Amino acid sequence: MKAVVKTNREKGFELRDVPRPKPGLRDVVIRVKAAAICGSDLNFYVWDKGFCEGLVGSFPFIPGHECAGEVVEIGEAVTHVKLGDHVAFDSHIPCGHCKMCQLGKPHLCQDMGLFGHNIDGCFAEYAMARETGVRVLPEGMTWEQGAMLEPLGVVVRPVFESEVGMSTVCVTGCGPIGQFAIALASALGAYRIYAVDINPMRLELARKNGATDVINSKDYADFSEIILKETGGIDAVIEASGNEHVINEGLHTLLRGARMFMVGNPHGDITIKDPKRYITLGETTIKGNWGRSMFWTWDKAEKALLSGKVNLEHIITHRFPLEKFEEAFEIALSGKGCKVLLIP
Ligand SMILES: [Zn+2]
Ligand SMILES: [Zn+2]
């Protein structure tokens, strides 16, 4: 089968002919129908050392972890998936036995397989995952919607736990994850949604996805001043930039007792300014988020898409065949698009 492969620590991937995966007892093999490029795949593409080391198993490996496809082969012990099923994969492949798995939080598994990281991923004609990470798609869901459940799922807990209904929220960083957060906050009835980014095209998309106010932080680096002036303080920040200054500005916009969800990955250490004021006395909750809870967030993400309340029209901007992966990655890197798909 054709697959995009990472062969070394240099920039780039290769298109190679590799053997189709053979399922073990509990594995599920799919014919990939749609796959999407995630920020982490871009890190693998350029080989961002700080991000990649420790996440990747060995070379060569197939990247890609957001996909949907049709089941074409299953292991003998697979029970809840059958041939012909339309499925998506969670990138977390929990072990099922560790402390966190036993505590009912498999998405925080201490011995986690990471699809497309330390287990071969989906930028290929066929892909394989263990049954524990497989989700059967509901009736009527398209392949592209199915492939978006994994990234959309990332923002489900942050947006639900922010109790956005008739609240004012700010989404900092308007890449695909930020756009999903905006669309979902809008679907859940947020009163006002600020979107902050440095890319005018992405701010335009943010408006289309439901942002009521957009701020270009290239022009207004200290954007908290604007938000505080207009609102007197907001209820929640969903932080999807990973940028130190933006994180501090986000904290400054919050009302006392409010919360910030850290969804973006900071590259390296960050310093919080005046933590006494903005965290301790502010009674601020800062919460992390690793992917989707399994499978509560999937249920919500599926309903968000099937209801049409979260629409992919202004999130998926490009589609490329597998052979044109280089073009796809360059577009995704350039910031000229939003979600970029590979259709094997
Ligand atoms: Zn992802
Ligand atoms: Zn585990």
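Here is a short chat about a zinc site, one loop residue and an annotated span.

Student: What should I know before looking?
Tutor: This is a predicted model, where local features need pLDDT of at least 70, side-chain atom pairs count only at pLDDT 80 or more, and totals for chains, interfaces and linings use all residues. Residues are numbered from 1 along each chain as its sequence is written, ligands are numbered from 1 in the order in which they are written, and side-chain values use heavy atoms, with hydrogens and water left out.

Student: What makes C95, C98, C101 and C109 donors of the zinc ion (ligand 2)?
Tutor: Their SG atoms lie 2.3 to 2.4 Å from the zinc ion, and donors are N, O and S atoms within 2.8 Å of the metal (3.2 Å for Na, K and Ca), so they count. Along the chain they follow C-x2-C-x2-C-x7-C.

Student: Why is the arrangement around the zinc ion (ligand 2) called tetrahedral?
Tutor: The four donor atoms subtend angles of 102 to 117 degrees. Four donors count as tetrahedral if all angles lie between 85 and 135 degrees, so the label fits.

Student: Why is C98 called buried, and N243 partly exposed?
Tutor: Buried means under 20% relative accessible area, exposed over 50%, and partly exposed in between (1.4 Å probe, protein chains only). C98 has 13%, so it is buried; N243 has 36%, so it is partly exposed.

Student: How do you know what the side chain of N243 reaches?
Tutor: By distance: the backbone nitrogen of H245 is at 3.0 Å from it.

Student: Which residues does the UniProt annotation "domain: Enoyl reductase (ER)" cover?
Tutor: The unreviewed entry gives 12–342.

Note on methods: A polar contact is a pair of N or O atoms within 3.5 Å; within protein, one must be able to donate a hydrogen and the other to accept it, and residues adjacent in sequence count only if both atoms are side-chain atoms. Four donors count as tetrahedral if all angles lie between 85 and 135 degrees; four count as square planar and six as octahedral if opposite donors are over 155 degrees apart and all others between 65 and 115; anything else is irregular. UniProt positions are given in the numbering used here, feature names are shortened, and annotations may be inferred rather than shown by experiment.
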